Amino acid sequence: MINKSSWQAATVIAVLVILSLSCEVTAAQLNVNGDAGNDSWDGLAPEWDGTHGPKKTIQAGIDAAVDSDTVNVADGIYTGTQNENLDFAGRAITVRSENGPTDCIIDCQNAGRGFYFNSGELPNSIVEGLTIRNGHAAYGGGIYCYGSSPTIRDCVITSNRATYHGGGIYCYDSSIIVQNSIFCGNRALVDGGGIYASGWYVQIENCTVVSNEAGSTGGGIFDDYEIYLINCVVWGNEDGGGSVESAQISGNAPLINYSCIQSWTGGLGGTGNIGSDPFFADPANDDFHLKSQEGRWKTSDLQWVADTVTSPCIDAGDADSDWTAELWPHGKRINMGAYGGTAEASMSLDTSGNPADFDEDDDVDFTDFLSLVDNWLSNESLLAQDISRDNFVNLSDFAMFAGQWLWQEP
Ligand SMILES: [Ca+2]
Ligand SMILES: [Ca+2]
Ligand SMILES: [Ca+2]
């Protein structure tokens, strides 16, 4: 028998399903392709199909979008006035690269900055998977936020310059969230070579802030209000005082947990912080994956390689942070730095879990089998189902999977 409350619950669920379906239908996918696009096309197809075709510039893609749309940016190096000082104008949209920041680059050529947020954007205005380089501005060489709180994730912000504050990013009265991003080689002539935050709460999660420079204070990060760092690596930054702790992060009252900070003294408090060498893979060539004897992803070769040392930043993030996208052996705990909590996370010496437990629910069962089937014969990199880690899901992976069938976490 159906009682009144279960009927009401069913109605609520039905309405939520209808709402979610209608959201999926109304949110458009806009496309930008710097080589094959045309700004007079509508952006509604990734290639010209006789009716629809991609935009050529990122600003044209943004201008064609409305709230909840996604602007997909094809691989390429984007330059020129329509690809810098990019302005969401308040839109709650996602601008994302198709294949990650290595292949999708906004090069400002020292003529402006990458993004300009000043219309009260909220965390549902998202920049994802882009490299922003060679920006130049008085404040915020790479990204500028004023009274706006966008989300920046999976980005590389590098070689940008500010004549005053915030070489990489400048935030004023802006409560931004930055996740899984790298700030490298940015420079501010005054404060905050990598990041400058003032007037509002800023959250930096799983970021790597390295080799940035400030003429005065806070080579890595300058915090004028309240910045929150978690699972970050802040290393090799310099300011007028050298490369001591205050050159890594300085300012008002930073809250720092589970992070690796060069020259860490403990004076800034927090939990789980260390000052040990993070053992970057190849910092001279901007590769900030963490070295591991068990395996480290080498992007240029698309393969896992073993190092002779293991970074102390592996499995050193917050135990409550979501580690489940890390590939086994993941140690069941998130790594610090930009690749922590992603499939590119360096591998752990701790063999907890099971390589065939793809959904990380502590058993190898039919659900895991279905996920293997779903990815059968895929040659994508970094799939958990590629248990042999050779960029191909095939019989050898099935054999390894079968060997783990019905395993349960002891
Ligand atoms: Ca881990
Ligand atoms: Ca499972
Ligand atoms: Ca394989």
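This report walks through the nonpolar cores and one open sheet of a predicted model.

## The main core

Let's start on the inside. In soluble globular proteins, nonpolar side chains tend to be buried together. Here, the largest nonpolar core has 79 residues. Within that core, Y170, C171 and C232 are the ones that touch the most other members. Strand β14, which covers residues 169–172, chips in with four residues, and that is the most given to this core.

The core also draws on two domains: at least three residues come from each of domain 1 (27–74) and domain 2 (77–275).

## A look at Y170

So who does Y170 meet? If you skip its neighbours within four places in sequence, Y170 is in contact with Y139, G140, Y144, C145, A162, H165 and Y196.

## A second core

There is another core too, separate from the big one: eleven residues, including A356, V364, L372 and L383.

## The open sheet

Now for the strands. Strands of a sheet pair through backbone hydrogen bonds, either parallel or antiparallel. In this open sheet, six strands line up as β6-β10-β14-β18-β22-β25, and their pairing is parallel. At the edges sit β6 (115–117) and β25 (249–251), each with pairing on one side only. Going from one strand to the next, the twist averages 5 degrees.

## Zooming in on β10 and β14

How many bridges join β10 to β14? Four, with β10 spanning residues 143–146 and the two strands running parallel. As for I143, its bridge partner in β14 is I169. Remember that β14 is also the strand that gives the most to the main core.

Conventions:
Residues are numbered from 1 along each chain as its sequence is written. Chains are lettered from A and ligands numbered from 1 in the order in which they are written. This is a predicted model: local features need pLDDT of at least 70, side-chain atom pairs count only at pLDDT 80 or more; totals for chains, interfaces and linings use all residues. A nonpolar core is a set of buried Ala, Val, Leu, Ile, Met, Phe, Trp, Tyr and Cys residues joined through C-beta atoms within 7 Å. A residue is buried if 20 or more other C-beta atoms lie within 10 Å of its own, exposed if 12 or fewer, and partly exposed in between; C-beta atoms are placed from the backbone. Domain bounds come from an automatic or database domain assignment. Two residues are in contact if their C-beta atoms, placed from the backbone, lie within 7 Å. Two strands pair if DSSP finds at least two bridges between them. Axes are lines fitted to C-alpha atoms, for helices over the stretch in contact, and angles run from 0 to 180 degrees between N-to-C directions.
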